[in-house]
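Colleague: I would like a close look at a single part of this model, the place where the two protein chains meet. Please carry the account on from there to the DNA.

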Protein chains: 2
Amino acid sequence: MLTANRQVHLGNLAVAGVPLAPFPGAQPVMHFSQDSTLYEEGDDATCYYRVVSGLVRTCRFSQDGRRHIDAFYKPGDVFGFEPGATYRFTAEAVTDCTVIPCRRRGAEEPEVQYLYSCAMEHLARAQAHAQLLGRGGAAQRMAGFLLEISVHKQAGVLELPMTRQDIADYLGLTIETVSRTLAQLQKLRAIRLLAARRIEITSRAMLQELCG
Amino acid sequence: MLTANRQVHLGNLAVAGVPLAPFPGAQPVMHFSQDSTLYEEGDDATCYYRVVSGLVRTCRFSQDGRRHIDAFYKPGDVFGFEPGATYRFTAEAVTDCTVIPCRRRGAEEPEVQYLYSCAMEHLARAQAHAQLLGRGGAAQRMAGFLLEISVHKQAGVLELPMTRQDIADYLGLTIETVSRTLAQLQKLRAIRLLAARRIEITSRAMLQELCG
DNA sequence: CGAATGGTTGATTGTGATCAATTCCCGTGG
DNA sequence: CCACGGGAATTGATCACAATCAACCATTCG
């Protein structure tokens, strides 16, 4: 088992001990296994989802075969709502995961109120992502990514649920560059590579300085 | 005069002849001259705005001095609403422009309904921007940019209100690369450079193929 | 044990950044 | 009208960084 979010209690909808806001119109939970597809780009956007456990990615493919990862969603995050009638991204399970689907209804209250806050949350993330990609260097992007996924983590040790390819496609780099850049950050004493998927952040300050 | 949106009628709030949706809580219009600042990152986000005429950019500076342009807003677009209490970007006038400010009120109906659709619109744009920046080549980014700003334009000739530096900061490139890439696209017969700020799109299909 | 997958490391190439002149475009003033 | 000046844009030469191509290593699984 890659992920181990043992604190999930479906009964009261709490993740890691933190109770979640009510999720209007929730349906029974669904399980997906690693690398399976939750929905595909172009499908009718009948539902949006909240992640209960595991990690989900939304992505899209260019016609030259390159994959662009739009975002990662961790427990508590909501994804899959759309301005239009169809999904603009494909959603896939990075790890085995559990999600709560929720039928889209015709923009009633208080659903809109809730969705609005979600949309703003997503907006901020997408803008941050664009800024990350606009920044020149691989080190800057990598530093930004590490800070992004380690936010809300007080402990210095990160478990990365995603592969190097996932990271590369999220940062607009190649796996080789991701690997080299991590090695380089380790040489700078900003991080320590405990294992391929385990990273200790030894100097958050240095990462922040790197990504500006 | 750089911009010439002569069809603006303030009386009935129409832009280029197309009537705009009502703008709840609108205040008297404001004018800003080229390169002036509408608000700065960190200011209290008291208002959001709709562009009546001209072009507005939202941007942010990294501590190494590099500028990242988040988005351009043209007549009819709404910008400046925020998840938090302060602006996360600086807004500047690319050209002389006129905007309608609107006080943020405490999330009442039907304001939220309206803001929700704006947020989703912004979200889609920010995601598209991130994807543009994630794509490798300068030609791909440039092609994507040209398609983006020429959408809703049937005529083949584009008037660019922004400088090469603006384009560069939006695409995460340098002005030299922007210039060279445009020249290259011209050699491919995808566009024709009529003047520095006038571009004719001769093959939209080729641009689409380039950016995938 | 061998195959498969994911990750790292090395050598080389290619693309865009950087540094450095020019050229173009406009508005101004003689 | 033309000369001039200044900002914007283009073009050229070189350099740096990440992509690519290619082995190689580590771990897991049959």
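Modeller: What follows takes the contact between the chains first and the two DNA strands after that.

The model is predicted. Chain B can be laid on chain A by a turn of 180° with a shift of 0.0 Å along the axis, and the RMSD is then 0.0 Å. That is the relation of a two-fold axis. The C-alpha of chain B nearest this axis belongs to Ala130(B), at 2.1 Å. The two copies use the same surface, in that 97% of the contact residues of chain B recur in chain A.

In the contact itself, 35 residues of chain B meet 34 residues of chain A. Together the chains bury about 3,200 Å², with 59% of that area on carbon and sulfur atoms. Three residues, Tyr116(B), Gln127(B) and Gln131(B), supply 19% of the area that chain B buries against chain A, more than any other three residues. Which elements of chain B each supply at least two residues to the side that touches chain A? They are β7 (67–73), α1 (111–134), α2 (138–150) and α5 (204–211). Of the elements in chain B, α1(B) gives the most to this side, with 16 residues. Sorted by class, the side of chain B that touches chain A holds 14 nonpolar, 13 polar and eight charged residues.

Charged residues are thus present on that side, yet the rule finds zero salt bridges across the interface of chain B and chain A. Polar contacts do occur there, in seven residue pairs with both residues at pLDDT 80 or more. Over all chains, a search of the whole structure finds 24 salt bridges. One salt bridge joins the side chains of Arg57(A) and Glu92(A), at 2.7 Å from N to O. This pair links distant parts of the chain, 35 residues apart: Arg57(A) is in strand β6 (residues 56–61) of chain A and Glu92(A) is in strand β9 (residues 90–93) of chain A.

Now the DNA. DNA strand C is surrounded by 17 residues, and the closest are Arg164(A), Ser179(A), Arg197(A), Ala138(B) and Thr177(B). Of the atoms of DNA strand C within 4 Å of the protein, 62% are in sugar and phosphate. A phosphate oxygen of DNA strand C lies 2.7 Å from a polar side-chain atom of Arg164(A), and one lies 2.2 Å from an N or O atom in the side chain of Thr177(B). Glu176(B), by contrast, has a polar side-chain atom 3.0 Å from a base nitrogen of DNA strand C. Helix α4 (175–187) of chain A and α4 (175–187) of chain B each supply at least two residues of the surface near DNA strand C, and α4(A) gives the most, with four. That surface divides into four nonpolar, six polar and seven charged residues.

Around DNA strand D there are 16 residues, of which Ala138(A), Thr177(A), Arg164(B), Ser179(B) and Arg197(B) come nearest. Sugar and phosphate make up 68% of the atoms of DNA strand D within 4 Å of the protein. Polar side-chain atoms lie 2.2 Å from a phosphate oxygen of DNA strand D in the case of Thr177(A) and 2.7 Å from a phosphate oxygen in the case of Ser179(B). For Arg180(B), a polar side-chain atom lies 2.9 Å from a base nitrogen of DNA strand D. The elements giving two or more residues to the surface near DNA strand D are α4 of chain A together with α4 of chain B.

Methods:
Residues numbered from 1 in each chain as written. Chains lettered and ligands numbered in written order. Predicted model: local features only at pLDDT ≥ 70, side-chain atom pairs only at ≥ 80, totals over all residues. Heavy atoms only, no water. Least-squares fit on C-alpha atoms with pLDDT ≥ 70 in both. Contact = heavy atoms within 4.5 Å. Buried area = accessible area lost by both parts, 1.4 Å probe. Salt bridge = Lys/Arg side-chain N within 4 Å of Asp/Glu carboxyl O. Polar contact = N/O pair within 3.5 Å; in protein donor to acceptor, adjacent residues only side chain to side chain. Nonpolar A, V, L, I, M, F, W, Y, C, P; charged D, E, K, R; others polar. Near = heavy atom within 4 Å.
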